[in-house]
Structures are given as structure tokens and as C-alpha cells.
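Subject: Handing over a structure, with notes on what was found

Dear colleague,

Please find below the structure that I am passing on to you, together with its sequence. My notes follow it, and I would be glad if you read them with the model open beside you.

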Amino acid sequence: GKCPVDVLKLVACVDALNGLVHAVVGAKASETCCPLLSGVADLDAALCLCTTIKAKVLNVKLVLPVAISVLVNQCGKHVPSSFQCPS
């Protein structure tokens, strides 16, 4: 899949997510991420986050569960629990 969102715009979203790795998923991440991902299909949104996390060379295994949690719980997206970023 290909991310239909400008990855540079998602950097702020991922930065917010990265700050939440050791905290509770809060309003800041959803306010930053959800508007960028509105209108994007569920799996495409997850793939966009994968692409952005990899572009920032962050620990995908650490940040992705938080990112998926924000997508599912805060942004009204539905991603299978078995979803993994493509390698």
C-alpha cells in the first residue's frame, strides 16, 4: 500500500505518539493525528504511520502499538489486532 497523506505532515503526529510511549494515550496525539488521517482508509492510515515511524528511524515495535491504539481508540479507525508494518 501507499500512504495518501504527506508523510512530512505526519511527523508531528508521530512525535506526539512517541512522547506517549511511557504515558497514557491522550488528547494531544489524537488532536494531532486524527485530522490528518480523516478520510483515509483504516489500513492506509496504519500504513502511513508505519512509513512515518520508519522515516524517523524510531523503534517501530515500541511506537506502533501506541499508534494503533490512537487510531482505533481516538480516531475511529479499525485496524486488525494482528496488523504489522510491512518490512
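A disulfide, as the word is used in this email, is a pair of cysteine sulfur atoms within 2.5 Å. Please keep in mind throughout that this is a predicted model.

By that criterion the structure holds 2 disulfides. One of them is formed by Cys50 and Cys85, whose sulfur atoms lie 1.9 Å apart, and with -90° about the S-S bond this link is left-handed. Because Cys50 lies in helix α3 while Cys85 belongs to the segment after α4, the pair ties together parts that are 35 residues apart in sequence. Cys50 and Cys85 are each buried.

The other link joins Cys34 to Cys75, with 1.9 Å between the sulfur atoms, and it too is left-handed, at -85° about the S-S bond. Cys34 sits in helix α2 and Cys75 in the segment after α4, so this disulfide connects parts that are 41 residues apart in sequence. As for burial, both Cys34 and Cys75 are buried.

Turning to the overall layout, the protein has 4 helices and 0 strands, and its elements, read from the N terminus on, follow the order α-α-α-α. Of its 87 residues, 41% are buried, and the protein exposes about 4900 Å², of which carbon and sulfur atoms supply 56%. Among the contacts with a separation of 6 or more, 71% are between residues 24 or more positions apart.

Which residues touch the most other members of the largest nonpolar core? In this core of 29 residues, they are Leu17, Leu37, Leu49, Leu64, Leu71 and Phe83. At least two residues of the core come from each of α1 (7-18), α2 (27-37), α3 and α4 (60-73), and the largest share, 8 residues, is supplied by α4.

Two of these core residues may be worth looking at in turn. Leu17 has its place in helix α1, and it counts as buried because its relative accessibility is 0%, the cut-off for that term being under 20%. Its C-alpha atom is separated by 7.0 Å from that of Val63, although the two residues are 46 residues apart along the chain. Leu64, once its neighbours within four places in sequence are left aside, is in contact with Cys50, Ile53, Phe83 and Cys85, a set that includes both partners of the disulfide between Cys50 and Cys85.

Finally, helix α3, which carries Cys50, spans residues 42-55 and has 14 residues. From its first C-alpha to its last the helix reaches 20 Å, which is close to the 20 Å expected at 1.5 Å a residue. The buried residues in α3 are Ala45, Ala46, Leu47, Cys48, Leu49, Cys50, Thr52 and Ile53; of these, Leu49 is also one of the core residues that touch the most other members, while Ile53 is among the contacts of Leu64. Just after α3, Val57 takes a positive phi of about 55°, and you may wish to look at that position when you follow the chain out of the helix.

With kind regards

Notes: Residues numbered from 1 in each chain as written. Predicted model: local features only at pLDDT ≥ 70, side-chain atom pairs only at ≥ 80, totals over all residues. Heavy atoms only, no water. Expected span 1.5 Å × (residues − 1). Buried < 20%, exposed > 50% of the residue type's maximum accessible area, 1.4 Å probe, protein only. Core = buried A, V, L, I, M, F, W, Y, C linked by side-chain atoms within 4.5 Å. Contact = heavy atoms within 4.5 Å. Areas by Shrake-Rupley, 256 points an atom, 1.4 Å probe, with all protein chains shown as cover.
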